[in-house]
Amino acid sequence: MKKVTTLTLLIAMCASLAHAQIGDHRNDFAIGVNGGYVLSNVAFLPKVTQTFHGGPTGGLSVRYVCEKYFNTICSIYGEVNYAQIGWKENIIDRNEQPVINPTTGVAEHFQRNMTYLQVPVFAHLAWGREQKGMQFFFQAGPQFGLHITDKAVKNFDLDDRNITDRVNQVIRQDTMAVENKIDYGIAAGIGMEYSHPKMGHLLLEARYYYGLGNIYKDSKRDYFSTSRFSNIVLKLTYLFDITRTKRER
C-alpha cells in the first residue's frame, strides 16, 4: 500500500504541473532522443554478493514546459527507453579471492543480462536561461518497466560450479525465470542543459532509480522476499522544439 501511495503522489505532482496557472504561462513542446549507460544491480534477500552490471540505455524523449513560476521553469518530461540491466555476481571465497572452477581452472563468472522497456514520467524543474544559455535542473517521478528478454552469461556449467569455496552460496537466482514482468519504482536526477533557439536543447544528466517491485514472487513460501532493481544512469539527451511560445527577453 505504501508503494502504491508513493507512486500515486508522484504522478499527481507531475500532473499538477501541466495544469498550473500561477506563474508566467508557457506552451513549449519538444521531442528528441536520449542515450547513455546504466549501472544496475538487484537487492536480493537472501543476499547475493554483486558488483555493478553495465549496459546501454536509449530511446525517445518528450518535454512540455507549462509555466515559469518566479525563477523556476516547470515542465513535464517523459521517456520511452530500451535498457539492458541485470546483475553481475561477485563470486569470491572467504579470503575475498575469486572462486576457481575445478574443471576449467579459471575464476567463475556469472551475470544476467535483462532487456527492459522503461517509461519514466518526471516533474522537471529548472533554473537558468530558457532559450539561449545554461540551466540547472532537477527531476523526479515514477518509472515503469516491462521485461522483454534475458540471458545468462557464464563461464561454467551450472551442474559443475564451485559451491564449496563460495562465501555466498545463494544460487537459486541463476536459474529462476523472471516472475513479475512489470517493474515499477521511483527515479530522480540532476543535470545541466544548454539551449539555443536554432540548435535546440542538449541535456546531460545523472539519475538514480530505486525499484519498488520485485522481479520474483515474494510470498512467505517463495525463496526471495526481496528482489528489487536499483540503477545509476548517466545519459545525454537532445531535444528540438515543436512549439515555442515564449522566447528569452
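# A tour of the cavities and ring pairs

By class, the residues that line the second largest cavity of this predicted model divide into 6 nonpolar, 5 polar and 2 charged. To find this cavity in the viewer, select Thr 57, Gln 118, Gln 143, Arg 207 and Val 233, which lie nearest its centre among the 13 residues of its lining. The space enclosed there comes to about 100 Å³. Colouring by element then helps, since strands S4, S5 (110-128), S8 (200-214) and S9 (226-243) each give at least two residues to that lining.

Next, select Asp 28, Arg 63, Val 65, Gln 131 and His 201, which lie nearest the centre of the largest cavity, a space lined by 15 residues. Strands S1 (24-45), S3 (53-69) and S4 (72-89) are the elements that contribute two or more residues to this lining, and the largest share, 3 residues, comes from S1. The volume of the largest cavity is about 140 Å³, and its lining consists of 4 nonpolar, 5 polar and 6 charged residues. In total, 3 cavities of 30 Å³ or more are counted.

Now step back and display the whole chain as a cartoon. The chain has 1 helix and 9 strands, and from the N terminus the helix comes before the strands, in the order α-β-β-β-β-β-β-β-β-β. Of its 249 residues, 45% count as buried, while the accessible surface comes to about 12800 Å², with 61% of this area belonging to carbon and sulfur atoms. Among the contacts with a separation of 6 or more, 75% are between residues 24 or more positions apart.

The aromatic rings make the next selection, and the structure holds 10 aromatic pairs. Show Tyr 77 and Phe 122 first, which form a stacked pair with 6.4 Å centre to centre and 15° between the planes. Tyr 77 lies in strand S4 and Phe 122 in strand S5, so this pair ties together parts that are 45 residues apart in sequence. Both Tyr 77 and Phe 122 are buried.

Move on to Tyr 223 and Phe 224, whose ring centres are 4.8 Å apart and whose planes stand at 85°, so the pair counts as edge-to-face. Tyr 223 is partly exposed, with a relative accessible area of 35%, whereas Phe 224 is buried, with a relative accessible area of 1%. To finish, add Phe 44, Trp 87 and Tyr 216 to the selection, as ring pairs link these residues with Tyr 223 and Phe 224 into a cluster.

Conventions. Residues are numbered from 1 along each chain as its sequence is written. This is a predicted model: local features need pLDDT of at least 70, side-chain atom pairs count only at pLDDT 80 or more; totals for chains, interfaces and linings use all residues. Side-chain values use heavy atoms; hydrogens and water are left out. Helices (H or I, at least four residues) and strands (E, at least two) are DSSP runs, numbered from the N terminus. Buried means under 20% relative accessible area, exposed over 50%, partly exposed in between (1.4 Å probe, protein chains only). Contact means heavy atoms within 4.5 Å. Accessible areas come from the Shrake-Rupley method with a 1.4 Å probe; for residues, only the protein chains shown count as cover. On a 1 Å grid over the protein atoms alone, a cavity is a set of points where a 1.4 Å probe fits but cannot get out, and a pocket is an open set with protein on both sides within 12 Å along at least five of seven lines; lining residues have an atom within 4 Å of a point. Grid points are joined across faces, edges and corners, and a volume is the space filled by probe spheres set on the points. Ala, Val, Leu, Ile, Met, Phe, Trp, Tyr, Cys and Pro count as nonpolar, Asp, Glu, Lys and Arg as charged, and the others, Gly among them, as polar. Rings of Phe, Tyr and Trp (its six-membered ring) pair if their centres lie within 6.5 Å; planes under 30 degrees apart count as stacked, over 60 as edge-to-face and the rest as tilted.
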